[in-house]
Amino acid sequence: MAITTTREIRLAARPVGEPASGDFALATVELPAPADGQVLVRNTWMSVDPYMRGRMDDAESYIPPFRLGAALEGGAVGEVVASRSDAVPVGATVVHFLGWREHAVVDASAVTVVDTAIAPASAYLGVLGTPGLTAYVSVTEIAPVRPGDVVFVSAAAGAVGSAAGQIARQLGASRVIGSAGGPVKAAKLLEAFGFDAALDYKAGPIAEQLASAAPDGIDVYVDHVGGDHLEAAVGAMRVGGRIAVVGAISQYNATEPPPGPNLYRVATKELSLRGMVVTSHLHRFPEYVGRAAGWLADGNLRTEETVSDGLESAPEAFLGVLRGANTGKMLVRLDAR
Ligand code: NAP
(Lines give C-alpha, C1' and ligand atoms only; values in the text may rest on other atoms or scores of the structure.)
Protein backbone atom coordinates (compact mmCIF):
# COMPACT_ATOMS: atom_id res chain seq x y z
CA MET A 1 0.00 0.00 0.00
CA ALA A 2 1.30 3.47 -0.86
CA ILE A 3 2.62 5.48 2.06
CA THR A 4 0.62 8.64 2.78
CA THR A 5 2.21 9.82 6.02
CA THR A 6 5.72 10.24 7.39
CA ARG A 7 7.32 11.32 10.66
CA GLU A 8 9.53 14.19 11.81
CA ILE A 9 11.07 15.43 15.04
CA ARG A 10 10.30 18.98 16.14
CA LEU A 11 11.79 21.33 18.71
CA ALA A 12 9.25 21.33 21.56
CA ALA A 13 11.15 23.57 24.01
CA ARG A 14 14.43 25.45 24.25
CA PRO A 15 16.67 23.81 26.86
CA VAL A 16 18.41 25.54 29.76
CA GLY A 17 21.71 23.74 30.31
CA GLU A 18 21.71 20.09 29.22
CA PRO A 19 18.85 19.29 26.80
CA ALA A 20 16.37 16.53 27.68
CA SER A 21 14.12 14.27 25.65
CA GLY A 22 11.08 16.48 26.50
CA ASP A 23 12.63 19.24 24.40
CA PHE A 24 11.79 17.15 21.31
CA ALA A 25 8.43 15.99 19.91
CA LEU A 26 7.72 13.26 17.35
CA ALA A 27 5.01 14.24 14.86
CA THR A 28 3.26 12.41 12.05
CA VAL A 29 2.62 14.52 8.94
CA GLU A 30 1.29 14.02 5.44
CA LEU A 31 3.86 12.77 2.99
CA PRO A 32 4.83 15.84 0.95
CA ALA A 33 4.93 15.76 -2.85
CA PRO A 34 7.81 17.27 -4.83
CA ALA A 35 7.13 20.34 -7.00
CA ASP A 36 8.93 21.10 -10.25
CA GLY A 37 12.71 21.04 -9.69
CA GLN A 38 12.39 19.08 -6.45
CA VAL A 39 12.95 15.49 -5.34
CA LEU A 40 11.36 13.34 -2.64
CA VAL A 41 14.03 11.58 -0.57
CA ARG A 42 13.48 8.60 1.72
CA ASN A 43 16.09 9.29 4.37
CA THR A 44 18.09 6.23 5.36
CA TRP A 45 20.53 7.89 7.77
CA MET A 46 20.57 11.17 9.68
CA SER A 47 23.34 12.89 11.52
CA VAL A 48 23.27 14.14 15.09
CA ASP A 49 26.02 16.67 15.76
CA PRO A 50 27.24 18.73 18.72
CA TYR A 51 26.66 22.07 16.90
CA MET A 52 22.91 21.32 16.99
CA ARG A 53 23.00 22.14 20.71
CA GLY A 54 23.71 25.78 19.79
CA ARG A 55 20.81 25.84 17.33
CA MET A 56 18.42 24.84 20.13
CA ASP A 57 19.09 28.23 21.80
CA ASP A 58 17.41 31.40 20.59
CA ALA A 59 20.74 33.00 19.76
CA GLU A 60 22.06 34.18 16.40
CA SER A 61 25.28 32.51 15.35
CA TYR A 62 26.89 31.49 12.06
CA ILE A 63 23.76 29.35 11.55
CA PRO A 64 20.21 30.40 12.58
CA PRO A 65 18.43 28.83 15.57
CA PHE A 66 15.94 25.97 15.14
CA ARG A 67 12.36 27.24 15.16
CA LEU A 68 10.13 26.21 18.07
CA GLY A 69 7.44 23.80 16.90
CA ALA A 70 9.13 23.16 13.55
CA ALA A 71 11.05 20.09 12.42
CA LEU A 72 14.76 20.18 13.22
CA GLU A 73 17.31 20.16 10.41
CA GLY A 74 20.69 18.58 9.81
CA GLY A 75 22.68 16.34 7.55
CA ALA A 76 20.93 13.30 6.09
CA VAL A 77 21.47 10.77 3.36
CA GLY A 78 18.77 8.90 1.51
CA GLU A 79 17.36 7.50 -1.66
CA VAL A 80 15.45 9.56 -4.21
CA VAL A 81 12.00 7.95 -4.49
CA ALA A 82 10.32 10.58 -6.70
CA SER A 83 11.94 13.18 -8.89
CA ARG A 84 10.75 16.23 -10.79
CA SER A 85 14.27 17.18 -11.80
CA ASP A 86 16.26 15.92 -14.79
CA ALA A 87 19.48 16.36 -12.79
CA VAL A 88 18.67 13.87 -10.01
CA PRO A 89 17.12 10.53 -11.00
CA VAL A 90 14.96 8.21 -8.91
CA GLY A 91 17.23 5.70 -7.17
CA ALA A 92 20.13 8.12 -6.64
CA THR A 93 21.71 8.25 -3.19
CA VAL A 94 21.88 11.86 -2.08
CA VAL A 95 23.16 13.94 0.82
CA HIS A 96 21.14 16.98 1.90
CA PHE A 97 20.32 19.06 4.94
CA LEU A 98 16.75 18.03 5.86
CA GLY A 99 17.42 15.39 8.48
CA TRP A 100 15.33 14.66 11.59
CA ARG A 101 12.55 13.32 9.32
CA GLU A 102 11.94 10.09 7.47
CA HIS A 103 11.12 11.73 4.15
CA ALA A 104 12.15 15.11 2.80
CA VAL A 105 11.19 17.20 -0.21
CA VAL A 106 14.34 19.00 -1.29
CA ASP A 107 15.27 21.29 -4.18
CA ALA A 108 17.40 19.29 -6.59
CA SER A 109 20.00 22.08 -6.35
CA ALA A 110 20.31 21.42 -2.60
CA VAL A 111 21.19 17.72 -2.85
CA THR A 112 24.51 16.14 -3.71
CA VAL A 113 24.49 12.76 -5.44
CA VAL A 114 27.10 10.52 -3.79
CA ASP A 115 29.02 7.48 -4.96
CA THR A 116 28.33 4.48 -2.72
CA ALA A 117 31.05 2.50 -4.52
CA ILE A 118 33.70 4.52 -2.63
CA ALA A 119 32.13 4.03 0.79
CA PRO A 120 28.72 3.18 2.27
CA ALA A 121 26.06 5.91 2.27
CA SER A 122 26.49 6.63 5.99
CA ALA A 123 30.15 7.62 5.42
CA TYR A 124 28.92 10.77 3.68
CA LEU A 125 27.68 12.00 7.07
CA GLY A 126 30.99 11.05 8.73
CA VAL A 127 34.43 10.56 7.28
CA LEU A 128 33.44 11.66 3.74
CA GLY A 129 31.08 14.37 5.01
CA THR A 130 31.57 17.61 6.93
CA PRO A 131 33.18 15.87 9.95
CA GLY A 132 35.94 14.49 7.68
CA LEU A 133 36.31 17.78 5.84
CA THR A 134 36.51 19.64 9.16
CA ALA A 135 39.38 17.39 10.23
CA TYR A 136 41.17 17.74 6.90
CA VAL A 137 40.93 21.55 6.71
CA SER A 138 42.01 21.86 10.34
CA VAL A 139 45.27 19.95 9.88
CA THR A 140 46.09 21.16 6.36
CA GLU A 141 45.09 24.83 6.57
CA ILE A 142 43.99 26.10 9.98
CA ALA A 143 46.84 24.52 11.97
CA PRO A 144 48.94 22.86 9.26
CA VAL A 145 50.79 19.73 10.33
CA ARG A 146 54.38 19.55 9.11
CA PRO A 147 56.56 16.44 8.94
CA GLY A 148 57.96 15.62 12.38
CA ASP A 149 55.31 17.54 14.34
CA VAL A 150 53.91 16.36 17.65
CA VAL A 151 50.13 16.69 17.35
CA PHE A 152 47.46 16.67 20.07
CA VAL A 153 43.76 16.12 19.24
CA SER A 154 40.90 16.31 21.76
CA ALA A 155 37.57 14.42 21.49
CA ALA A 156 39.81 12.09 19.54
CA ALA A 157 37.49 9.08 19.56
CA GLY A 158 34.73 11.09 17.88
CA ALA A 159 33.92 11.70 14.23
CA VAL A 160 36.15 14.73 13.60
CA GLY A 161 38.87 13.82 16.11
CA SER A 162 39.41 10.24 14.93
CA ALA A 163 39.89 11.50 11.35
CA ALA A 164 42.07 14.46 12.41
CA GLY A 165 44.55 12.24 14.23
CA GLN A 166 44.87 9.81 11.34
CA ILE A 167 45.17 12.54 8.70
CA ALA A 168 47.84 14.25 10.82
CA ARG A 169 49.78 10.99 10.64
CA GLN A 170 49.38 10.92 6.84
CA LEU A 171 50.85 14.42 6.75
CA GLY A 172 53.99 13.23 8.54
CA ALA A 173 53.36 13.88 12.24
CA SER A 174 55.99 12.10 14.32
CA ARG A 175 53.72 11.60 17.31
CA VAL A 176 49.94 11.85 17.54
CA ILE A 177 48.34 12.16 20.97
CA GLY A 178 44.60 11.97 21.54
CA SER A 179 42.31 12.53 24.50
CA ALA A 180 38.95 10.91 25.15
CA GLY A 181 36.68 10.08 28.05
CA GLY A 182 37.20 6.67 29.72
CA PRO A 183 39.49 3.67 29.33
CA VAL A 184 37.52 2.01 26.51
CA LYS A 185 37.81 5.01 24.21
CA ALA A 186 41.44 5.56 25.24
CA ALA A 187 42.27 1.97 24.21
CA LYS A 188 40.40 2.50 20.95
CA LEU A 189 42.57 5.50 20.11
CA LEU A 190 45.65 3.30 20.25
CA GLU A 191 44.25 0.11 18.75
CA ALA A 192 41.78 1.27 16.10
CA PHE A 193 42.82 4.80 15.17
CA GLY A 194 46.62 4.44 15.43
CA PHE A 195 47.33 7.21 17.95
CA ASP A 196 50.72 6.96 19.71
CA ALA A 197 49.38 8.01 23.10
CA ALA A 198 45.90 8.19 24.56
CA LEU A 199 44.88 10.42 27.46
CA ASP A 200 41.74 9.60 29.44
CA TYR A 201 40.66 13.05 30.61
CA LYS A 202 38.28 11.51 33.14
CA ALA A 203 41.18 9.74 34.91
CA GLY A 204 43.18 12.81 35.93
CA PRO A 205 44.16 16.38 35.08
CA ILE A 206 44.69 16.69 31.34
CA ALA A 207 47.65 19.08 31.69
CA GLU A 208 49.64 16.52 33.72
CA GLN A 209 48.81 13.69 31.33
CA LEU A 210 49.76 15.81 28.31
CA ALA A 211 53.07 16.81 29.92
CA SER A 212 54.04 13.17 30.40
CA ALA A 213 52.86 12.10 26.93
CA ALA A 214 54.73 14.99 25.26
CA PRO A 215 57.64 15.89 27.56
CA ASP A 216 59.19 18.12 24.87
CA GLY A 217 55.89 19.83 24.03
CA ILE A 218 53.50 19.82 21.09
CA ASP A 219 53.50 21.63 17.74
CA VAL A 220 49.83 21.38 16.78
CA TYR A 221 46.65 21.19 18.82
CA VAL A 222 43.24 20.53 17.25
CA ASP A 223 40.75 21.76 19.85
CA HIS A 224 37.30 20.22 19.97
CA VAL A 225 36.77 20.64 23.71
CA GLY A 226 37.97 24.05 25.02
CA GLY A 227 38.35 24.70 28.76
CA ASP A 228 40.95 22.58 30.53
CA HIS A 229 42.06 20.95 27.26
CA LEU A 230 42.81 24.27 25.58
CA GLU A 231 44.55 25.54 28.70
CA ALA A 232 46.70 22.37 28.83
CA ALA A 233 47.54 22.58 25.14
CA VAL A 234 48.58 26.25 25.30
CA GLY A 235 50.83 25.33 28.22
CA ALA A 236 52.41 22.45 26.28
CA MET A 237 52.91 24.38 23.02
CA ARG A 238 56.37 24.76 21.56
CA VAL A 239 57.43 28.11 20.14
CA GLY A 240 55.76 28.60 16.75
CA GLY A 241 52.98 26.13 17.45
CA ARG A 242 49.59 26.17 15.79
CA ILE A 243 46.13 25.66 17.27
CA ALA A 244 42.94 25.04 15.32
CA VAL A 245 39.97 26.15 17.40
CA VAL A 246 37.31 23.85 16.00
CA GLY A 247 34.91 23.25 18.88
CA ALA A 248 34.40 23.69 22.62
CA ILE A 249 32.04 20.89 23.53
CA SER A 250 32.88 21.08 27.25
CA GLN A 251 31.06 24.44 27.26
CA TYR A 252 28.02 23.88 25.03
CA ASN A 253 25.61 23.32 27.94
CA ALA A 254 27.08 26.11 30.10
CA THR A 255 24.54 28.52 31.59
CA GLU A 256 27.26 31.00 32.72
CA PRO A 257 30.26 32.14 30.63
CA PRO A 258 33.05 29.70 31.55
CA PRO A 259 36.41 30.95 32.87
CA GLY A 260 38.86 31.25 30.00
CA PRO A 261 42.40 29.94 29.67
CA ASN A 262 45.36 32.27 30.05
CA LEU A 263 45.78 33.24 26.42
CA TYR A 264 48.73 35.52 27.18
CA ARG A 265 50.96 32.55 26.45
CA VAL A 266 49.60 32.56 22.90
CA ALA A 267 51.40 35.88 22.54
CA THR A 268 54.70 35.05 24.26
CA LYS A 269 55.03 31.83 22.26
CA GLU A 270 54.03 33.57 19.02
CA LEU A 271 51.37 30.92 18.45
CA SER A 272 48.84 30.96 15.65
CA LEU A 273 45.35 30.33 16.95
CA ARG A 274 42.76 30.11 14.21
CA GLY A 275 39.14 29.21 14.31
CA MET A 276 37.24 27.40 11.60
CA VAL A 277 33.69 26.87 10.43
CA VAL A 278 33.53 24.02 7.96
CA THR A 279 30.92 25.72 5.78
CA SER A 280 33.56 28.29 4.72
CA HIS A 281 35.66 25.45 3.27
CA LEU A 282 33.13 23.39 1.31
CA HIS A 283 35.02 24.13 -1.92
CA ARG A 284 37.71 21.73 -0.65
CA PHE A 285 35.31 18.73 -0.63
CA PRO A 286 36.48 17.34 -4.02
CA GLU A 287 40.15 17.52 -3.01
CA TYR A 288 39.41 15.96 0.39
CA VAL A 289 37.16 13.15 -0.84
CA GLY A 290 39.79 12.26 -3.46
CA ARG A 291 42.53 11.92 -0.84
CA ALA A 292 40.28 10.31 1.78
CA ALA A 293 39.03 7.69 -0.69
CA GLY A 294 42.65 6.61 -1.20
CA TRP A 295 43.32 6.46 2.53
CA LEU A 296 40.10 4.50 3.11
CA ALA A 297 41.07 2.04 0.39
CA ASP A 298 44.60 1.47 1.69
CA GLY A 299 43.52 1.24 5.34
CA ASN A 300 45.24 4.42 6.53
CA LEU A 301 41.94 6.06 7.47
CA ARG A 302 39.69 3.93 9.64
CA THR A 303 36.24 4.83 10.83
CA GLU A 304 33.75 3.81 13.47
CA GLU A 305 30.04 4.48 13.65
CA THR A 306 27.74 4.38 16.65
CA VAL A 307 24.27 3.68 15.34
CA SER A 308 20.83 4.01 16.89
CA ASP A 309 17.71 2.85 15.12
CA GLY A 310 14.55 4.70 14.13
CA LEU A 311 13.57 8.38 14.01
CA GLU A 312 12.15 8.15 17.54
CA SER A 313 15.67 7.38 18.83
CA ALA A 314 17.15 10.58 17.32
CA PRO A 315 16.74 12.82 20.41
CA GLU A 316 18.46 10.22 22.63
CA ALA A 317 21.22 9.79 20.03
CA PHE A 318 21.75 13.56 19.94
CA LEU A 319 21.81 13.80 23.75
CA GLY A 320 24.24 10.86 23.68
CA VAL A 321 26.68 12.64 21.36
CA LEU A 322 26.84 15.53 23.85
CA ARG A 323 27.61 13.11 26.68
CA GLY A 324 30.10 10.87 24.83
CA ALA A 325 27.92 7.83 24.13
CA ASN A 326 29.48 7.63 20.64
CA THR A 327 32.76 6.41 19.27
CA GLY A 328 33.35 7.72 15.77
CA LYS A 329 30.35 9.19 13.98
CA MET A 330 27.00 9.09 15.78
CA LEU A 331 24.25 8.25 13.32
CA VAL A 332 20.57 7.45 13.29
CA ARG A 333 19.44 4.72 10.88
CA LEU A 334 15.93 5.55 9.75
CA ASP A 335 13.34 2.83 9.25
CA ALA A 336 13.23 1.39 5.75
CA ARG A 337 9.66 1.90 4.59
P1 NAP B 1 32.07 13.74 18.24
O2 NAP B 1 33.48 14.06 18.66
O3 NAP B 1 31.82 12.57 17.40
O4 NAP B 1 31.12 13.63 19.53
C5 NAP B 1 31.26 14.54 20.57
C6 NAP B 1 32.26 13.99 21.64
O7 NAP B 1 32.64 15.04 22.51
C8 NAP B 1 31.61 12.95 22.54
O9 NAP B 1 31.66 11.66 21.98
C10 NAP B 1 32.47 13.07 23.81
O11 NAP B 1 33.54 12.12 23.76
C12 NAP B 1 33.11 14.46 23.71
N13 NAP B 1 32.73 15.28 24.88
C14 NAP B 1 31.48 15.55 25.34
N15 NAP B 1 31.56 16.34 26.44
C16 NAP B 1 32.88 16.53 26.69
C17 NAP B 1 33.61 17.24 27.72
N18 NAP B 1 32.97 17.92 28.70
N19 NAP B 1 34.96 17.24 27.67
C20 NAP B 1 35.61 16.57 26.70
N21 NAP B 1 34.98 15.88 25.70
C22 NAP B 1 33.64 15.87 25.71
O23 NAP B 1 31.49 15.06 17.57
P24 NAP B 1 32.02 15.73 16.23
O25 NAP B 1 30.87 15.94 15.34
O26 NAP B 1 33.19 14.97 15.76
O27 NAP B 1 32.49 17.18 16.75
C28 NAP B 1 33.67 17.31 17.54
C29 NAP B 1 33.88 18.80 17.83
O30 NAP B 1 34.13 19.51 16.63
C31 NAP B 1 32.68 19.48 18.49
O32 NAP B 1 33.16 20.45 19.39
C33 NAP B 1 31.98 20.13 17.32
O34 NAP B 1 31.18 21.23 17.71
C35 NAP B 1 33.18 20.56 16.50
N36 NAP B 1 32.90 20.75 15.05
C37 NAP B 1 33.18 21.97 14.53
C38 NAP B 1 33.00 22.19 13.18
C39 NAP B 1 33.35 23.53 12.61
O40 NAP B 1 32.96 23.81 11.47
N41 NAP B 1 34.09 24.35 13.35
C42 NAP B 1 32.50 21.17 12.36
C43 NAP B 1 32.23 19.91 12.93
C44 NAP B 1 32.44 19.72 14.30
P45 NAP B 1 34.27 11.61 25.12
O46 NAP B 1 33.55 10.38 25.52
O47 NAP B 1 35.68 11.40 24.68
O48 NAP B 1 34.09 12.70 26.13
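Which side chains meet in a salt bridge with an N to O distance of 2.9 Å? They are those of Arg333 and Asp309, and a view below is set aside for them. This is a predicted model, in which local features need pLDDT of at least 70, side-chain atom pairs count only at pLDDT 80 or more, and totals for chains, interfaces and linings use all residues. Residues are numbered from 1 along each chain as its sequence is written, and side-chain values use heavy atoms, with hydrogens and water left out.

**View 1. Arg333 and Asp309 pair up between two strands.** A salt bridge here is a side-chain nitrogen of Lys or Arg within 4 Å of a carboxyl oxygen of Asp or Glu. Arg333 lies in strand β15 (residues 329-333) and Asp309 in strand β14, so this pair ties together parts that are 24 residues apart in sequence. Helices (H or I, at least four residues) and strands (E, at least two) are DSSP runs, numbered from the N terminus. Arg333 is partly exposed, with a relative accessible area of 34%, and Asp309 is partly exposed too, at 46%. For these labels, buried means under 20% relative accessible area, exposed means over 50%, and partly exposed is in between (1.4 Å probe, protein chains only).

**View 2. Lys188 reaches Glu304.** The closest N and O atoms of this salt bridge are 3.0 Å apart. Lys188 sits in helix α4 (residues 183-191), while Glu304 is in the loop between α8 (285-298) and β14 (305-309), so the pair ties together parts that are 116 residues apart in sequence. Lys188 counts as partly exposed at 24% relative accessibility, and Glu304 counts as partly exposed at 25%.

**View 3. Arg238 holds a salt bridge with Asp219.** Here the closest N and O atoms are 2.8 Å apart. Arg238 belongs to strand β12 (residues 237-245) and Asp219 to strand β11 (residues 218-223), and the pair links distant parts of the chain, 19 residues apart. Is Asp219 buried or exposed? At 9% relative accessibility, Asp219 counts as buried, whereas Arg238 is partly exposed, with a relative accessible area of 27%.

**View 4. Four residues share a salt-bridge network.** Glu141, Arg274, Arg284 and Glu287 are joined into one network by salt bridges that share partners. Across the whole structure, a search finds 19 salt bridges.

**View 5. The ligand sits in a shell of 25 residues.** Closest to the ligand are Tyr201, Tyr252, Met276, Val278 and Asn326. A residue is near a molecule or strand if one of its heavy atoms lies within 4 Å of it. How does the shell divide into nonpolar, polar and charged residues? There are 15 nonpolar, 9 polar and 1 charged. In this scheme, Ala, Val, Leu, Ile, Met, Phe, Trp, Tyr, Cys and Pro count as nonpolar, Asp, Glu, Lys and Arg as charged, and the others, Gly among them, as polar. Helices α3 (159-170) and α9 (314-323) each supply at least two residues of the shell.

**View 6. Ligand oxygens meet polar protein atoms.** A polar side-chain atom of Tyr201 lies 2.4 Å from an oxygen atom of the ligand. An N or O atom in the side chain of Asn326 is 2.4 Å from a ligand oxygen atom. For His224, a polar backbone atom is 3.0 Å from an oxygen atom of the ligand. On its own, the ligand has 910 Å² of accessible area, and the protein covers 90% of that.

**View 7. The loop between β5 and β6 holds Trp100 and Glu102.** Trp100 is found in the loop between β5 (93-96) and β6 (103-107), and is buried, with a relative accessible area of 0%. Its phi is near 65 degrees, a positive value in a residue other than glycine. Most residues other than glycine have a negative phi. Glu102 is in the loop between β5 and β6 as well, and counts as buried at 2% relative accessibility. The side chains of Glu102 and Arg7 make a polar contact (2.9 Å); that term means a pair of N or O atoms within 3.5 Å, where within protein one must be able to donate a hydrogen and the other to accept it, and residues adjacent in sequence count only if both atoms are side-chain atoms.

Notes. Accessible areas come from the Shrake-Rupley method with a 1.4 Å probe; for residues, only the protein chains shown count as cover.
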